[in-house]
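This report describes how strands pair in one sheet. The sequence and the model are shown first.

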Amino acid sequence: MSIRDQLKQREEDRNTPKGGGLNEGLPEGVTRYVRLGGKASELGEGRQFVMLADPDQWYFYFCHEDSTFSPFVTYVKKHTCLHSPHSVGSEIKSYSKPNGNVCISCKAKAKRKLYFMIPVFDLEYKTWRVLDIKEFHAMNLIGDYDKLEKAAKKFSKDYTLVGDVFTLTKTTDGKSFSLGSGDAEVPEEAAQFLGFTLPYEELANFREEDDIITLLTEADPEHIDKSVLGVAAQTPSTVPQQADAPIEISEEDLPF
Ligand SMILES: [Zn+2]
């Protein structure tokens, strides 16, 4: 394989969640993450799923990212903060502050945002998937979730949305999502995924520090503190130039 292809491969590997078997069982081009935004959004006029866990059991993690929408500029490419839990059941406050001892991006003061992964059963593909959303959207969905359960409990005291169908739609302003009751029947296959431990660690795609340093090196210097990356990661113009006369090298010194 040529160096160009190998480098391309490395770039692809970096951008593909580890444990490449994650999307197994799904049709080509469909991933475990439900596409929620943009032209390729899978929601259409609303899409029904079975809820697989209560909000207290939703996995949360942090991402470093920094960009603007109009015009669209990426200052820091999105990547998972290493100071994030690897499974469900953690306290947000244990992770809410950046931690430069475990995460180089925290140390570089890159912007950090809270994300949630909501485990759902997809009625169309008959398997589990996740809704990967920012804190703001998660808050909206939890608000809807609680309203829906409260209304249903008036008629059935023990009702829970876990194991039941709901509809996910975009809000009318297009800026967030809402969760409403669904009318589809719960497929039999959904039950096996209730209480199932999803591979959140793989889904969150924790990167090696080397890869993160590469991302930070490419980041906009106005938006992070590059001094934590060391000399190798600085842009050429900031590396002090050698003022000394060039050292003479004889042909025998060359390694080839
Ligand atoms: Zn971090």
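## Strand 1 against strand 4

Met51 stands opposite Val120 in strand 4. The model is predicted, and in it strand 1, residues 47–51, is joined to strand 4 by three bridges. These two strands run antiparallel.

## Strand 4 and its other partners

Strand 4 spans residues 112–122 and is mostly covered, with nine of its eleven residues buried. A residue counts as buried here if 20 or more other C-beta atoms lie within 10 Å of its own.

Strand 2, residues 59–68, also runs antiparallel to strand 4, and six bridges join the two. Within that pairing, Tyr59 has Met117 of strand 4 as its bridge partner. Strand 5, residues 127–134, is joined to strand 4 by eight bridges, again in the antiparallel sense. There, Pro119 of strand 4 is bridged to Val130 of strand 5.

## The turn between strands 4 and 5

Strand 4 and strand 5 form a hairpin, with four residues between them. One residue of the turn, Lys126, has a positive phi of about 55 degrees.

## Strands 2 and 3

Besides its bridges to strand 4, strand 2 pairs with strand 3, residues 73–80. This pairing is antiparallel and extends over five bridges. His64 of strand 2 stands opposite His79 in strand 3. The two strands are joined as a hairpin through four residues.

In a regular strand, side chains alternate between the two faces of the sheet.

Terms used: Residues numbered from 1 in each chain as written. Predicted model: local features only at pLDDT ≥ 70, side-chain atom pairs only at ≥ 80, totals over all residues. Buried ≥ 20, exposed ≤ 12 C-beta atoms within 10 Å, placed from the backbone. Pairing = 2+ DSSP bridges.
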